[in-house]
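The following note is offered to a colleague who has the coordinates at hand. The points concern the contact with nucleic acid, a pocket and the pairing of charged side chains.

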Protein chains: 2
Amino acid sequence: MSPKRIPSETIDRLFLYMRGLTCLLREGTCTVSSKRLAEICRVNAAAVRKDLSYFGGFGTRGVGYDVKELMEHLHRILKYDDVTDVALVGVGNIGRALLTHSDFELEGFRIITAFDCDPDKIGTKVGGVTVEDMDHMVDRVRELGLDLVILAVPDSAAPKIAHTLEKAGVSSILSFSPCDLFMPHGIEVTCIDLSMEMARLLYHSRRGNEPAEEVGV
Amino acid sequence: MSPKRIPSETIDRLFLYMRGLTCLLREGTCTVSSKRLAEICRVNAAAVRKDLSYFGGFGTRGVGYDVKELMEHLHRILKYDDVTDVALVGVGNIGRALLTHSDFELEGFRIITAFDCDPDKIGTKVGGVTVEDMDHMVDRVRELGLDLVILAVPDSAAPKIAHTLEKAGVSSILSFSPCDLFMPHGIEVTCIDLSMEMARLLYHSRRGNEPAEEVGV
DNA sequence: TAGTGAATGTGAACACAATCACAAGGAGAG
DNA sequence: CTCTCCTTGTGATTGTGTTCACATTCACTA
């Protein structure tokens, strides 16, 4: 269908450009060159041009890219318009952070319901969403026809809930618990493992400070 | 110093292996083949072997890797032993999630202090750490000699605080707000942008469901 | 002690993405 | 209208990481 295969790295960077453009727009900038956008996103200027050119010539030679127009193109390419409904399981600290974050809808999804097993939380409203009883999760997810669920529960509880969700017909899970052997194989499970990310960052920041140490043993 | 350059992807994967091994250990598994570990971490088996071989032959031909022994090697390579002290700025939902997470120390760092500007929070204890007044941040960070700070404040407040921290001598910041033009250039700022990650995931999960649609325009 | 089966460790081939370098082309000045 | 400047868009090149395929080596058995 599309003439050339588009590298997955390109797609990932488009999200980055969108972020950068949002900042530029807030700042009142109307036009941006690939060089400037590259600086902001900390990538190579040629990469910016090549990435954008996969989708058509959005720029004007000698001038650059129109910020607003480019954002509209990316908006369409990244499907920020199709708002997808998702459910949240686990109204702990991370769950609450997600529920009270207001901009998700601008990026293409909406948390329409949340589940927890704590009786004190059930029935309360967090960020405009009423917390429902976890026991009703399967029925509700089926009823609402949800495809994607966000899992923000304690690590030990994650695999069991994930299996339940698989049975409920969910096709992908975004989990804040580490993926492990006990997670279901039939559906796509993506993990944001905060402690792994932190360990990674720390390792790299240490490397940065220790200029020339040997790496092996 | 080291004979061969080690790909950064290899380092990143080591953290993944560590995760997988932790699960195997919990499960009571003593020995694991590259094939099995690759399945768990969803990577190629040859990659597992090659990655590990950069650091020496940890396995036994015909048998596999000893789970416990391999974990010890990775532990040392990834420097999980050097516990680094870090500060947290912003005791909102994400901040609280980080403070109450208990396993960070096992992965090489420790949040030893937290700052917030809300008088109701100052002086309270969250996850064993007392919240201090943001006004004292610079002095305290200097006093404690901290190098890495975690920033979990509203997006709009992030740039200003980041600049303040730069002046306080901090060398890297992990921010949960999007990096933008207003962030300092002198220090390393890494961002975990939850909403960007979610948008990415959503895009990919949609792609997964729509097998053969064209990509362009 | 020799034979068998299994999984490692690794050179070579491949695939993919980053970068370079330049031709093409629009905008604005005079 | 033409000339110059500037930035895009893109073929070619380089660099890097992934994957393959197999020789090597170990444990176990009889």
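1. Residues around the DNA. The model under review is a predicted one. DNA strand D has 26 residues around it, and those that come nearest are Ser34(A), Arg49(A), Tyr65(A), Arg5(B) and Arg61(B). Of the atoms of DNA strand D that come within 4 Å of the protein, 67% belong to sugar and phosphate.

2. Individual polar contacts with the strand. Two arginines reach bases of DNA strand D: a polar side-chain atom of Arg49(A) lies 2.8 Å from a base nitrogen, and a polar side-chain atom of Arg61(B) lies 2.6 Å from a base oxygen. The backbone is contacted as well, since an N or O atom in the side chain of Arg13(B) is 2.8 Å from a phosphate oxygen of DNA strand D.

3. Origin and character of the DNA-facing surface. Both chains take part. Chain A supplies at least two residues from each of α3 (45-53), β2 (59-60) and β3 (64-66), and chain B supplies at least two from each of α1 (8-27) and α3 (45-53). By class, the residues of this surface near DNA strand D comprise 6 nonpolar, 11 polar and 9 charged.

4. The second largest pocket. Rolling a probe the size of a water molecule over the atoms reveals where empty space remains. The second largest pocket has a volume of about 1000 Å³. Its lining consists of 44 residues, and those nearest the centre are Asp155(A), Pro178(A), Ser195(A), His101(B) and Asp103(B).

5. Composition of the pocket lining. At least two lining residues come from each of α5 (93-100), α7 (158-167) and α8 (194-209) of chain A, and likewise from each of α1 and α5 (93-100) of chain B. The element that gives the most to the lining of the second largest pocket is α1(B), with 6 residues. The lining divides into 24 nonpolar, 12 polar and 8 charged residues.

6. A salt bridge between chains. Side chains of opposite charge can pair when their charged atoms come close. Over all chains, 22 salt bridges are counted. One of them joins Arg200(B) and Asp12(A), whose closest N and O atoms are 3.7 Å apart. This pair crosses between chains, with Arg200(B) in helix α8 (residues 194-209) of chain B and Asp12(A) in helix α1 (residues 8-27) of chain A. Is each partner buried or partly exposed? Arg200(B) counts as buried because its relative accessibility of 17% is under the 20% limit, whereas Asp12(A), at 26%, is partly exposed. The pairing also belongs to a network of salt bridges that links Asp12(A), Glu197(B) and Arg200(B).

7. A salt bridge between strands of chain B. Arg110(B) and Asp85(B) meet through their side chains in a salt bridge of 3.1 Å, N to O. Arg110(B) lies in strand β5 (residues 109-116) and Asp85(B) in strand β4 (residues 84-89), so the pair ties together parts of chain B that are 25 residues apart in sequence. Arg110(B) is partly exposed, with a relative accessible area of 32%, and Asp85(B) is partly exposed at 28%.

8. A further pair in chain B. Lys121(B) forms a salt bridge with Asp116(B), and the closest N and O atoms are 4.0 Å apart. Lys121(B) is partly exposed, with a relative accessible area of 24%, whereas Asp116(B) is buried at 7%.

Key: Residues are numbered from 1 along each chain as its sequence is written. Chains are lettered from A and ligands numbered from 1 in the order in which they are written. This is a predicted model: local features need pLDDT of at least 70, side-chain atom pairs count only at pLDDT 80 or more; totals for chains, interfaces and linings use all residues. Side-chain values use heavy atoms; hydrogens and water are left out. A residue is near a molecule or strand if one of its heavy atoms lies within 4 Å of it. A polar contact is a pair of N or O atoms within 3.5 Å; within protein, one must be able to donate a hydrogen and the other to accept it, and residues adjacent in sequence count only if both atoms are side-chain atoms. Helices (H or I, at least four residues) and strands (E, at least two) are DSSP runs, numbered from the N terminus. Ala, Val, Leu, Ile, Met, Phe, Trp, Tyr, Cys and Pro count as nonpolar, Asp, Glu, Lys and Arg as charged, and the others, Gly among them, as polar. On a 1 Å grid over the protein atoms alone, a cavity is a set of points where a 1.4 Å probe fits but cannot get out, and a pocket is an open set with protein on both sides within 12 Å along at least five of seven lines; lining residues have an atom within 4 Å of a point. Grid points are joined across faces, edges and corners, and a volume is the space filled by probe spheres set on the points. Buried means under 20% relative accessible area, exposed over 50%, partly exposed in between (1.4 Å probe, protein chains only).
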